[in-house]
Amino acid sequence: MTTYHIAPSILSADFSRLGEEVRNVVAAGADIIHFDVMDNHYVPNLTIGPLVCQAIRPHVQVPIDVHLMVKPVDRLIPDFAKAGANIITFHPEASEHIDRTLQLIKDNGCKAGLVFNPATPLDYLLHVMDKIDIILIMSVNPGFGGQSFIPHALRKIEAARKLIDASGLTIRLEVDGGIKIDNIAAVAEAGADTFVSGSAIFGAADYQAVISRMREELSTVAKK
């Protein structure tokens, strides 16, 4: 039976009280904290760095999943590992040597993964499946929170799931972008097991109510 993980993205949290926000969302049932890093270079936005990761690390015991939307990526990987990241993912277009970057993440004690934009082919996976722990499918174009889910992403999720199953490896399949109560079941049916959600959770008055509703939707998929 598939174990589903819900990963609220702090990009949509109230940064004036970030420690409280991450504590509250974990208390509400979150499994992972998703940490979006943007550099105003690879993507058209500028967000947060290792110091913020270090600041929230003492507030939660769940894994911190750092999504690097930066180019180049290698310089920041050791800094985020030292700051308390447990998972580090990056975009293949942002690395000169994907294999080397994956190994750098592992050498720094973190789980490693690749991120695929809506128009990025999954071909990169054919060469590194044995080196990754997680695949992240973007269901929006990276750079900003609050965007709408791109339906075509469901086909890419299905394709990634087939690759994982064929490999026989234990690799999580994460999806980020526009995940809400009304579409999380469809995303799970396509093959995802980890769901990043920002504004749908942090934009609600009751975090626990939203996460509970998401789990209810996921339970309908698990029973099929």
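This report describes selected local features of a predicted model, from one of its helices to its cysteines, aromatic pairs and loops.

## Helix H8 and its buried face

Helix H8 covers residues 207-222, and its 16 residues, taken at 1.5 Å a residue, should span 22 Å. The C-alpha atoms at the two ends of H8 are 23 Å apart in the model, which agrees with that expectation. The buried residues of H8 are Tyr207, Val210, Ile211, Met214, Leu218 and Val221. When the helix is viewed down its axis, these buried residues fall within an arc of 95°, so they line one face of H8.

The cover over the buried residues of H8 comes from several elements, and it includes strand E1 (5-8) and helix H1 (18-27) as well as helix H6 (184-190), strand E8 (194-197) and helix H7 (199-202). At the start of H8, the side chain of Asp206 places an oxygen within 3.1 Å of the backbone nitrogen of Gln208.

## Glu21 and Ala186, in helices that cover H8

Glu21 is a residue of helix H1, and H1 is among the elements that cover the buried residues of H8. With a relative accessible area of 2%, Glu21 is buried, because the cut-off for that class is under 20%. The side chain of Glu21 is joined to that of Tyr207 by a polar contact of 2.6 Å, and Tyr207 is itself one of the buried residues of H8. Once neighbours within four places in sequence are set aside, Glu21 is in contact with Ala13, Asp14, Phe202 and Tyr207.

Ala186 belongs to helix H6, another of the elements that cover the buried residues of H8. Ala186 is partly exposed, with a relative accessible area of 35%. Its C-alpha atom lies 9.2 Å from that of Glu217, although Ala186 and Glu217 are 31 residues apart in sequence.

## Cysteines

The model contains zero disulfides. For Cys53, the closest cysteine sulfur is that of Cys110, at 8.8 Å, and this is too far for a bond, because a disulfide requires the two sulfur atoms to lie within 2.5 Å. Cys110 is likewise in no disulfide, its nearest cysteine sulfur being that of Cys53, 8.8 Å away.

Both of these cysteines are nevertheless classed as buried: Cys53 has a relative accessible area of 0%, and Cys110 has a relative accessible area of 5%.

## Aromatic pairs

Four aromatic pairs are found in the structure. In one of them, Tyr4 and Phe195 are tilted with respect to each other, with 5.8 Å from centre to centre and 55° between the planes. This pair links distant parts of the chain, since Tyr4 is in the segment before E1 and Phe195 is in strand E8, 191 residues apart. Tyr4 counts as buried at 14% relative accessibility, and Phe195 counts as buried at 1%.

Another pair is formed by Phe116 and Tyr124, whose ring centres are 6.5 Å apart and whose planes meet at 45°, so this pair is also tilted. Its two members fall in separate accessibility classes: Phe116 is buried, with a relative accessible area of 0%, whereas Tyr124 is partly exposed, with a relative accessible area of 31%.

## Backbone features in two loops

The peptide bond between Lys71 and Pro72 is cis, with omega at about 0°. Pro72 is placed in the loop that runs between strand E3 (64-69) and helix H3 (77-83).

Asn40 has a positive phi of about 60°, although this residue is not a glycine. Asn40 is found in the loop between strand E2 (33-38) and helix H2 (50-56), and it is exposed, with a relative accessible area of 53%.

## Asn183, in the loop before H6

Asn183 is located in the loop between strand E7 (172-176) and helix H6. In contrast to the exposed Asn40, Asn183 is buried, with a relative accessible area of 14%. The side chain of Asn183 reaches the backbone oxygen of Gly178 at a distance of 2.9 Å. When residues up to four places away in sequence are not counted, Asn183 touches Phe149 and Gly178, so that Gly178 appears both as a contact and as the partner whose backbone oxygen the side chain reaches.

Technical notes
Residues are numbered from 1 along each chain as its sequence is written. This is a predicted model: local features need pLDDT of at least 70, side-chain atom pairs count only at pLDDT 80 or more; totals for chains, interfaces and linings use all residues. Side-chain values use heavy atoms; hydrogens and water are left out. Helices (H or I, at least four residues) and strands (E, at least two) are DSSP runs, numbered from the N terminus. The expected span of a helix is 1.5 Å times one less than its number of residues. Buried means under 20% relative accessible area, exposed over 50%, partly exposed in between (1.4 Å probe, protein chains only). The arc is that of the directions from the helix axis to the C-beta atoms. Contact means heavy atoms within 4.5 Å. A polar contact is a pair of N or O atoms within 3.5 Å; within protein, one must be able to donate a hydrogen and the other to accept it, and residues adjacent in sequence count only if both atoms are side-chain atoms. Rings of Phe, Tyr and Trp (its six-membered ring) pair if their centres lie within 6.5 Å; planes under 30 degrees apart count as stacked, over 60 as edge-to-face and the rest as tilted.
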